[in-house]
Amino acid sequence: MPPRTTTRVRRDATPAPEGEKPSSAGEATSSATGTSTLDLALRMVEYLALQSRPVPLAQIAAAFSASKATVYRHLVTLQRHGFVRQDPDTGRYEAGVKLMVLGEALRARFDVLSAARAELMQLRDRTGHAVTICALIDDELVVLELVQGRTLIEFATRPGTRLDFHASAHGKVWLAFGPASLAERVLAGPLKSWTPNTLSNPASLRAEIAKVKDRGWATAPDEVITGVNTLAAPLFDHRGALAGSLAIVGATQFIPPNPEDAQVMEVTGAAGRISRSLGWRS
């Protein structure tokens, strides 16, 4: 639909596994791993969380080029605090329930809109333009928030507004970086022409999607409302999956079809900061 206009770590006294020679105090910071004791323990937790099944002590030690004695001491401490669980039958290790509990407690903080709110205001203040953020809800592209700009034009788009994928900069971002099935579904369906500039031809839209994927941002000048353009960029989560899209909106007089480099830098920079707050690593 068109928008209207230095940490001290306690050493554990747990004995090493039978048959293992205790390691020296400095082994955890050996040149082989180049890590501190805390760093190794944290990486072990992350490693276990990403495994599909419990793994043996030897495999964990091999993964970090560390002795089984060193790894074992960390595992015992992590197990005591619930971050690691040991299967009583096989002796293998896996991520503990504490991680799930903490993950649930933090879920709300990693909501895309909550993570983006401060950046939305700052982007509006730096550019003067209205700022919008969208997400995919029930296979529809929905506006989550709009912050009005500091220009004479006020947009009547409100949270909950549905946008067409093919006729909006937000939509093109989702077609380029979202699930492949989404792009194929949109390309196979009817592409409504909102204006003479709407990309209603599948071949043209496919070419535009490729361009957006290559450069990392999208525009939609005069494609929904004549005289209006949007400059959008993707927001990624900790898995590297598309979590939302961020854009500035304004008259083509101020956001031209070929946006100024400064405008692109502002939008993609804000999108990158929001993505990193969601756990994304470039």
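**A friendly note on strand 7, helix 6 and their surroundings**

1. A good place to start is P234, which is found in strand 7. Please keep in mind that this is a predicted model. Is P234 buried or exposed? Its relative accessibility is 9%, under the 20% cut-off, so P234 counts as buried.

2. Which residues does P234 touch, once those up to four places away in sequence are set aside? They are V173, F177, G216, L242, G244, A271 and S275. You can also look from P234 towards I274: the two lie 40 residues apart along the chain, and their C-alpha atoms are separated by 9.7 Å.

3. I274 leads us to a pair of helices, as it is one of the helix 9 residues that meet helix 5. Helix 5 spans residues 112-127 and helix 9 spans residues 261-277; their axes come within 10 Å and cross at roughly 165°. An angle over 145 degrees counts as roughly antiparallel, and that is why helix 5 is described as roughly antiparallel to helix 9. The crossing of these two helices is right-handed.

4. If you would like to find this contact on screen, select A115, A116, E119, L123, R126 and T127 on the helix 5 side. Their partners in helix 9 are E266, V267, A270, R273, I274 and S277. Sorted by class, the contact between helix 5 and helix 9 has 6 nonpolar, 4 charged and 2 polar residues.

5. Now to the largest nonpolar core, which has 25 residues. Within this core, F165, L175, V186 and L205 touch the most other members. Two or more residues each come from strand 4 (140-147), helix 6 (169-177), helix 7 (180-188), helix 8 (202-215), strand 7 (228-236) and strand 8 (242-251). Which element gives the largest share? That is helix 6, with 5 residues.

6. F165 deserves a look of its own. Apart from neighbours within four places in sequence, F165 is in contact with L136, D139, E140, L141, G171, K172, W174, L175, L182, R185 and V186. There is also a second, separate core of 22 residues, whose members include V131, L231, I248 and A270. A270 has already appeared above, among the helix 9 residues that meet helix 5.

7. Finally, back to helix 6. How many of its 9 residues are buried? The count is 8, so helix 6 is largely enclosed by the rest of the structure. The buried residues are A169, H170, G171, K172, V173, W174, L175 and A176. One of them, V173, is touched by P234, where this note began.

Notes. Residues numbered from 1 in each chain as written. Predicted model: local features only at pLDDT ≥ 70, side-chain atom pairs only at ≥ 80, totals over all residues. Heavy atoms only, no water. Axes fitted to C-alpha atoms, helices over the stretch in contact; angles between N-to-C directions. Helix = DSSP H or I, 4+ residues; strand = E, 2+ residues; numbered from the N terminus. Parallel < 35°, antiparallel > 145°, perpendicular 65-115°, else oblique. Left-handed = near helix turned anticlockwise from the far one by under 90°. Contact = heavy atoms within 4.5 Å. Nonpolar A, V, L, I, M, F, W, Y, C, P; charged D, E, K, R; others polar. Core = buried A, V, L, I, M, F, W, Y, C linked by side-chain atoms within 4.5 Å. Buried < 20%, exposed > 50% of the residue type's maximum accessible area, 1.4 Å probe, protein only.
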